[in-house]
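Biologist: Could you take me through one part of this model closely, beginning with the metal site and working outward into the packing around it? I would like a connected account rather than a list.

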Amino acid sequence: MTKIKTQLDVDADGVLTFLQITDTHLFAKPDGELLGVNTRESFLAVIAKVLKQARPIQGILATGDISQDHTPESYRLFAEHINQLEKPCFWLPGNHDFQPAMLAEFATAGISPAKQLVSKYWQVILLDTQELGVPHGRLKQEQLTQLQGFLDEYPDKHALVLLHHHVQPAGCKWLDQHDLKNADELFAMLKQYPQVKALVCGHIHQEMDRQYDQFRLLATPSTCIQFKPHCDDFTLDEQGPGWRYLDLLPNGDINTQVYRLADGRFAGDAKATGY
Ligand SMILES: [Fe+2]
């Protein structure tokens with residue numbers, strides 16, 4: 001049986017720190033491009049910068065859309081380079097992922113399939129919101145039941161929930177059609193658990209940090225193309241690829257920072273009208 005729970009240590013101050021990497025959209029072909037951006041090159045540039053930052057982390061969270069072409073090679077490429085960071089990586093699928101290849105390649109590369117990460121003060125839960133063949137997301141009953149089970153198991157630990165799709169409108173009309181369709185159901189359940197501090201997603205290829213009821217909602221830039229905030233129609237942003245650090249503090253607070261590549265090499269095709 002797949003081992004779904006794992007334990008993580010904290011640093012000397014009791015802090016659990018993660019790197020979040022999302023929406024890499026990798027191809028098997030080295031010259032694979034998404035709207036004019038070579039996603040392999042932008043991902044490698046992000047990894048190079050993260051290595052240079054040399055920030056101590058306990059793990060990496062990969063929040064979906066790892067592949068753009070569904071190939072085993074694209075997942076192998078991700079694994080090969082994420083393993084350069086020499087920290088455990090945990091993952092969940094996005095709408096673009098092909099889970100059979102993802103599972104197989106990550107298992108071969110020694111990347112854990114764990115979905116419940118338990119530490120001294122926190123537990124981190126990774127959800128599968130993929131609905132096959134469509135860009136929007138939905139949590140199946142089994143996912144909701146599993147989430148509830150995890151939260152019941154550790155009422156005294158703060159909880160961070162990760163999922164690919166956004167749970168509140170991002171403010172881009174075209175993108176908000178592709179949100180999590182049963183977010184109301186999710187929130188109705190989560191509101192019974194005061195230990196849930198935040199939900200962290202990918203999918204919207206832009207940074208977000210806002211409060212909704214008891215929950216902090218965070219979204220993180222992709223390592224390739226960026227979607228421009230507050231646009232009714234599909235619009236690319238000129239900002240560079242990004243990544244996020246999350247410090248989970250013993251008292252339940254979260255310190256977080258987004259970084260971006262600043263060199264302008266990965267701006268994408270400004271005339272693109274969709275992807
Ligand atoms: Fe994506």
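**The iron site and its surroundings**

Modeller: Along the chain, the donors of the iron ion follow the spacing D-x1-H-x39-D-x139-H. Histidine 25 belongs to the loop between β2 (16-21) and β3 (33-34), and histidine 205 to the loop between β10 (196-201) and β11 (208-212), so this pair ties together parts that are 180 residues apart in sequence. The model is a predicted one, and in it the protein donors are Asp23 (OD), His25 (NE2), Asp65 (OD) and His205 (NE2), at 2.1 to 2.3 Å from the iron ion. The arrangement counts as irregular because the angles subtended by the four donor atoms run from 89 to 177 degrees, whereas a tetrahedral assignment would require all angles to lie between 85 and 135 degrees. Histidine 25 and histidine 205 are both buried.

Threonine 24 also lies in the loop between β2 and β3, and it is buried, with a relative accessible area of 0%. Leaving out residues up to four places away in sequence, threonine 24 touches Thr39, Phe43, Gly64, Asp65, Ile66, Phe78, Thr223 and Cys224; one of these, Asp65, is itself a donor of the iron ion. The C-alpha atoms of threonine 24 and threonine 63 are separated by 9.5 Å, although the two residues are 39 places apart along the chain.

Another of the residues that threonine 24 touches is Phe78, and from there the account passes into the nonpolar interior. The largest nonpolar core has 68 residues, and those with the most contacts inside it are Phe78, Ile82, Leu186 and Leu199. Leucine 186, again not counting residues up to four places away in sequence, touches Leu139, Leu144, Leu147, Leu163, Val167, Leu180 and Leu199. A second core, separate from this one, has 19 residues, including Leu8, Trp122, Val200 and Leu246.

Two of the core residues just named, Phe78 and Ile82, also appear among the buried residues of α2, which are Ser74, Tyr75, Leu77, Phe78, Ala79, His81 and Ile82. What covers these buried residues includes β2, α1 (39-53), β5 (59-62), β6 (89-91) and α3. An α-helix has 3.6 residues a turn, so residues three or four places apart point the same way.

The aromatic side chains add a further layer to this picture, with 11 aromatic pairs found in a search of the whole structure. Phenylalanine 78 and phenylalanine 106 form one that is tilted, with 5.7 Å centre to centre and 40 degrees between the planes. This pair links distant parts of the chain, since phenylalanine 78 is in helix α2 (residues 72-82) and phenylalanine 106, 28 residues apart from it, is in helix α3 (residues 99-108). Both partners are buried, phenylalanine 78 with a relative accessible area of 0% and phenylalanine 106 with one of 1%. The pair of tryptophan 243 and tyrosine 259 is stacked, with 6.1 Å centre to centre and 20 degrees between the planes. Tryptophan 243 lies in strand β13 (residues 242-248) and tyrosine 259 in strand β14 (residues 254-260), so the pair ties together parts that are 16 residues apart in sequence. Here tryptophan 243 is buried, at a relative accessible area of 1%, whereas tyrosine 259 is partly exposed, at 32%.

Phe78 and Phe106 also belong to one aromatic cluster with Phe43, Tyr75 and Trp91. Tryptophan 91, a member of that cluster, has lysine 115 over its face, at 3.8 Å from the ring centre. Elsewhere, arginine 55 lies over the face of tyrosine 245, at 4.4 Å from the ring centre.

Some backbone details in the loops complete the account. Alanine 54, in the loop between α1 and β5, has a phi near 50 degrees, a positive value in a residue other than glycine, and alanine 54 is exposed, with a relative accessible area of 57%. Glutamate 86, in the loop between α2 and β6, likewise has a positive phi, of about 55 degrees, although it is not a glycine, and at 69% relative accessibility glutamate 86 counts as exposed. Glycine 240, by contrast, is buried, with a relative accessible area of 14%, and is found in the loop between β12 (215-219) and β13. Beyond its neighbours within four places in sequence, glycine 240 is in contact with Gln226, Arg260 and Leu261.

Methods:
Residues numbered from 1 in each chain as written. Predicted model: local features only at pLDDT ≥ 70, side-chain atom pairs only at ≥ 80, totals over all residues. Heavy atoms only, no water. Donors = N, O, S within 2.8 Å, 3.2 Å for Na, K, Ca; no water. Tetrahedral: all angles 85-135°; square planar, octahedral: opposite > 155°, others 65-115°. Helix = DSSP H or I, 4+ residues; strand = E, 2+ residues; numbered from the N terminus. Buried < 20%, exposed > 50% of the residue type's maximum accessible area, 1.4 Å probe, protein only. Core = buried A, V, L, I, M, F, W, Y, C linked by side-chain atoms within 4.5 Å. Contact = heavy atoms within 4.5 Å. Phe/Tyr/Trp six-rings, centres within 6.5 Å; stacked < 30°, edge-to-face > 60°. Lys NZ or Arg CZ within 6 Å of the ring centre and 35° of its normal.
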